[in-house]
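Here is a protein chain to read by its numbers. Look it over, then follow the questions.

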Amino acid sequence: MTGAAGIRSAPAGRRYWGRREKQRDERLCFFFFKNEVRPLCGRVYPRVSHHGHAAVSQGIVPCAARNESFGYISHDYLYYCVKFQDAIYVAVCDTPAGQYEFYGRVRYKDGTVMAEHQPYDPSVICTEEGNFLYFGFAPCMISIPRYKNQNLRGGSVLQLEEDMLTVKKGPKVILPSLNYGKGTSFEGNEYFEGPSIRKINSRYYLIYSSVNTHQLCYAVSDQPMSGFRFGGVIVSNGDVGYQGRTEEEKLMSVGNNHGGLVQVKDQWYIFYHRHTALDQYNRQGCAERIYFQEDGSIPQVTITTSGMNPIPLSGNASYPAVYCCNLTNGHMGALSSLGRSNAEADFPYMTCENQERYIKNIKDGTLIGYKYINLRETRRIEVIYKTDKEGILEIHTQMMPHTCRCGPGGKKHAEIQLEPSQYWKSAETEIGFEDEKELYLIYKGSGKLSLLELRLKKA
């Protein structure tokens, strides 16, 4: 039960900060994004400044906003929730990365704490129309004892006074939960958690995690507190829905998904996460370029290795194996907060052990995909691996439509022979490509393979 409140966007003169990432040790880290770009973990990301572990306890979900309007002294406000406590807390500081002090809990004018509508996953925006706080948790499709008898209505919004603490108007439900979505534009993609609000071209775009959990969807309205309608799916961390891909054809193990939209110069990106180490609380942050249609809609994007890069990655470079955009044995399972939801589902996964990030438990038929890469540059492919038995890695460049397999539509260019080794070992092959931009490795063998690194070489 965790959500992600992304970076806030706003008119000139107001700055919005904050992104929460949960570490494996369950402490919280804060990252602040600036409008510069540089390579980060093999992709191009906005410049990130890491300001350390927050001085808050386990179970806190924060977001932040800065109000510099209406003659008020400029402050940064950190909004956060404590697990299973029906309130939204606020801390304040003079600088975004400074020492925050407790400011209070969001409250009504009479001092009563605002505790309605499952206050969780706060997201704040300040516009010329006012200061608005979006929140809500509606786990209608899963069993959480605390929420069993509660009326889970959906995602909500309220307007804040200029003190950024007192409720001026609301709260009111604006996105329906699974219990209330039938017959609305949201049916099939109802609200679950993790709202993230933006105002783009005079419209309010509310990003949220749907009841399908692996999706980041968006709702859109001309008003901040009413009129929201379902816009579509922006990204699925299993690529479900992209070009008609079904749940059964998902290209990764799936779990929850949280994120938001960020503009860097003139380009918009969707930030989201997928999962590592076989549970929903270990997450790998990702980002993809998105585009607005003339009518303001956002088509769904596919998961890529190239991420925010405007052109394909170099075909003469080395990449950690965990930068794959697809990892599937053809029947990938769903993850729960405790791990694999089906104990019998045995599938490959990304992990980190002894400070090494790699793919583990690769078995016969597993497909590992990377896109987009300028393969015309590549003349040799080397892999760093270890395995308990002999096997091969087939090299393909096209996946068959609506499948998790390569076949007649994707030529096998070469294969790499793998010898047993309990330590990391290299193997390579010569190869030639034309204009292909997608690379798929398929393991064939009776052993268990681990893959650490993919090295593409000109010679």
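Q: Which residues does Arg379 touch, not counting residues up to four places away in sequence?
A: This is a predicted model: local features need pLDDT of at least 70, side-chain atom pairs count only at pLDDT 80 or more, and totals for chains, interfaces and linings use all residues. Residues are numbered from 1 along each chain as its sequence is written, and side-chain values use heavy atoms, with hydrogens and water left out. A contact here means heavy atoms within 4.5 Å. By that rule Arg379 touches Thr429, Glu430, Ile431, Gly432, Phe433, Lys457, Lys458 and Ala459.

Q: What distance separates the C-alpha atoms of Arg379 and Phe433?
A: Arg379 sits in the loop between strand 25 and strand 26. Strands (E, at least two residues) and helices (H or I, at least four) are DSSP runs, numbered from the N terminus. Along the chain, Arg379 and Phe433 are 54 residues apart. In space, their C-alpha atoms are separated by 7.8 Å.

Q: Is Arg379 buried, partly exposed or exposed?
A: Buried means under 20% relative accessible area, exposed means over 50%, and partly exposed lies in between (1.4 Å probe, protein chains only). Arg379 has 37% relative accessibility, so it counts as partly exposed.

Q: Which residues is His273 in contact with, leaving aside its neighbours within four places in sequence?
A: His273 lies in strand 17, residues 267–275. At 2% relative accessibility, His273 counts as buried. Its contacts are Asn237, Asn256, Asn257, His258, Arg283, Gln284 and Gly285.

Q: How many helices and strands does the protein chain have?
A: Strands 17 and 25 have already come up. The full tally for the protein chain is zero helices and 31 strands.

Q: What share of the 459 residues of the protein chain counts as buried?
A: The chain exposes about 19200 Å², by the Shrake-Rupley method with a 1.4 Å probe. Carbon and sulfur atoms supply 46% of that area. Of the 459 residues, the buried share is 59%.

Q: What part of the contacts with a separation of 6 or more joins residues 24 or more positions apart?
A: Take the contacts in the protein chain with a separation of 6 or more. Residues 24 or more positions apart account for 60%.

Q: Which residues are closest to the centre of the largest cavity?
A: A cavity is a set of points, on a 1 Å grid over the protein atoms alone, where a 1.4 Å probe fits but cannot get out; lining residues have an atom within 4 Å of a point. The structure holds three cavities of 30 Å³ or more, a volume being the space filled by probe spheres set on points joined across faces, edges and corners. About 60 Å³ lies in the largest. Of its 13 lining residues, the closest to its centre are Ser253, His275, Pro348, Tyr349 and Met350.

Q: How many charged residues are in the lining of the second largest cavity?
A: This cavity has a volume of about 40 Å³. Val82, Phe84, Gln85, Asp86, Gln118, Pro119, Tyr120 and Tyr147 line it. Ala, Val, Leu, Ile, Met, Phe, Trp, Tyr, Cys and Pro count as nonpolar, Asp, Glu, Lys and Arg as charged, and the others, Gly among them, as polar. The lining has five nonpolar residues, two polar, and, as for charged, one.

Q: Which residue does a cis peptide bond join to Lys371?
A: One cis bond runs from Gly170 to Pro171, with omega near 5°; Pro171 is in strand 11, residues 167–176. At Lys371, omega is about 5°. The partner is found in the loop between strand 25 (367–371) and strand 26 (380–387). It is Tyr372.

Q: Is Gln355 buried or exposed?
A: Phi of Gln355 is near 65°, a positive value in a residue other than glycine. Gln355 is placed in the loop between strand 23 (349–353) and strand 24 (356–362). At 76% relative accessibility, Gln355 counts as exposed.

Q: How many disulfides does the structure hold?
A: A disulfide is a pair of cysteine sulfur atoms within 2.5 Å. The count is zero.

Methods: On a 1 Å grid over the protein atoms alone, a cavity is a set of points where a 1.4 Å probe fits but cannot get out, and a pocket is an open set with protein on both sides within 12 Å along at least five of seven lines; lining residues have an atom within 4 Å of a point.
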